[in-house]
Amino acid sequence: MFVLAELKDNVRIAPELFRLKLPEAIKEQINRKLANKVLLNVGLCIALKDIVKLGDSIILPGDGASHTEVHFRYIVFRPMVGDVITGKIRSCSREGVHITLGFFDDILIPPSALQHPSRYEETEQAWVWEYPLEDGNTHDLYMDIGESIKFRVSGEVFEESSPIGPPDQEVPSGSGGSGAGTGGGPGSANPAQESNKTPYRIVAAINESGLGLLSWWVQQSQDDGEGDEDDGEGEEQEQEEQEEASEED
């Protein structure tokens, strides 16, 4: 689930940080720059593991800061396809079940990857697994918000998002322009769409035995355990009756 990524960067140390030792200042700047950020095709950066190599520090003309080339290893969240993880249900929608790990929320279980058959309840805002019973009927198992759920990673999606610039301003009417905004053309990008892009998201599945809400399988194991205890008690009682019969003979 967590991996070490070997990265390289040119780290700028401002003059006010010269009071710190160079490795400490570099560590602070790297964490400030990368912590809780998504690197394309790398994953969600968590924390600096260690510094592998420090290059020479230079000061550029007109800049009082030092610049150092640094090779380092960073702890990154990027689960492999096939990993089984336990999280909590954040919300449900027609798109599927949204899962959170506390530090990462962009996990989706699409309807096709839920236990079959399942349906979406609009009134409850929850997905329901129609669990088949032995008598042919079904028992509704709700996927409520906040419930712990075990899922398997089935895919990952990285999406490059561009920085959002300042909003377009209208051209003053007295400047000879048409009065329309500069970004209103059909080929211009929509800032709202850019801001809604998710740089890294995980696609998951629970359509296997043992996956899904933990409460489903805990209850089933308890029922199986009670059945085993009943069988054991029956065997002990039968053995006692046989011993009593042999003593009478």
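**Notebook: salt bridges, sheets and a helix contact**

I began at Glu28, which is partly exposed, with a relative accessible area of 31%. I note at the outset that the model is a predicted one.

**Entry 1. The pair in helix H1**

I looked up which side chain Glu28 meets in a salt bridge. The partner is Arg32, with 3.0 Å from N to O. Both residues belong to helix H1, where they are 4 residues apart, about one turn of the helix. I then checked whether Arg32 is buried or exposed. Its relative accessibility is 57%, and Arg32 therefore counts as exposed, since the class begins over 50%. Glu28, at 31%, falls into the partly exposed class.

**Entry 2. The sheet beneath the helix**

I next traced the sheet that contains strand E1. It is an open sheet of 4 strands, and I read the order as E1-E4-E3-E2, with antiparallel pairing. Its edge strands are E1 (2-13) and E2 (38-39), each of which pairs on one side only. Helix H1 (residues 22-34) packs on this sheet and touches E1, E2, E3 and strand E4 (66-77). The direction of H1 makes about 135° with that of E3.

I then followed E2 to its neighbour. E2 and strand E3 (residues 43-59) run antiparallel and are joined by 2 bridges. Across this pairing, I found Val38 opposite Leu44 in E3.

**Entry 3. A salt bridge between E4 and E3**

I asked which acidic side chain Arg73 meets. It is Asp50, in a salt bridge of 2.6 Å from N to O. This pair links distant parts of the chain: Arg73 lies in strand E4 and Asp50 in strand E3, 23 residues apart. I looked up the exposure of each partner. Arg73 has a relative accessible area of 26% and is partly exposed. Asp50 is also partly exposed, with a value of 26%.

**Entry 4. A network of charges**

I turned to Glu121, whose side chain meets that of Arg119 in a salt bridge (2.9 Å, N to O). Arg119 is partly exposed, at a relative accessible area of 25%. I traced the pair further and found that salt bridges with shared partners join Arg119, Glu121, Glu130 and Asp140 into one network. For the structure as a whole, I recorded 11 salt bridges.

**Entry 5. Strand E5 and its two partners**

I looked up what pairs with strand E5 (residues 84-93). One partner is strand E11 (residues 148-158), joined to E5 in the antiparallel sense over 5 bridges. Within this pairing, Thr86 has Lys150 in E11 as its bridge partner. E5 is also joined to strand E6 (residues 96-100) by 5 bridges, and these strands run antiparallel. A hairpin of 2 residues connects E5 to E6. I noted Gly96 in E6 as the bridge partner of Ser93. For reading such strands, I keep in mind that side chains in a regular strand alternate between the two faces of the sheet.

**Entry 6. Helix H3 meets E5 and E11**

I asked which residues Leu214 touches, leaving aside those up to four places away in sequence. They are Thr86, Ser148 and Lys150. Thr86 and Lys150 are the bridge partners from the previous entry. Leu214 itself is found in helix H3 (residues 214-248). The C-alpha atoms of Leu214 and Lys150 are separated by 6.6 Å, although the residues are 64 apart along the chain. I found Leu214 to be partly exposed, at 30% relative accessibility.

**Entry 7. Whole-chain figures and confidence**

I closed with the totals. The protein contains 3 helices and 13 strands. Of its 249 residues, 26% are buried. Among contacts with a separation of 6 or more, 64% are between residues 24 or more positions apart. The protein exposes about 16000 Å², of which carbon and sulfur atoms supply 48%.

I then looked up the confidence. The pLDDT averages 83, and 73% of the residues score at least 70. Over residues 170-188 the pLDDT is below 50, and this stretch has 11 contacts in the model beyond near neighbours in sequence. Where pLDDT is low, the predicted coordinates should not be read in detail. I have therefore taken no individual contact from such a region into these entries.

Technical notes
Residues numbered from 1 in each chain as written. Predicted model: local features only at pLDDT ≥ 70, side-chain atom pairs only at ≥ 80, totals over all residues. Heavy atoms only, no water. Pairing = 2+ DSSP bridges. Contact = heavy atoms within 4.5 Å. Axes fitted to C-alpha atoms, helices over the stretch in contact; angles between N-to-C directions. Salt bridge = Lys/Arg side-chain N within 4 Å of Asp/Glu carboxyl O. Buried < 20%, exposed > 50% of the residue type's maximum accessible area, 1.4 Å probe, protein only. pLDDT = per-residue confidence, 0-100. Areas by Shrake-Rupley, 256 points an atom, 1.4 Å probe, with all protein chains shown as cover.
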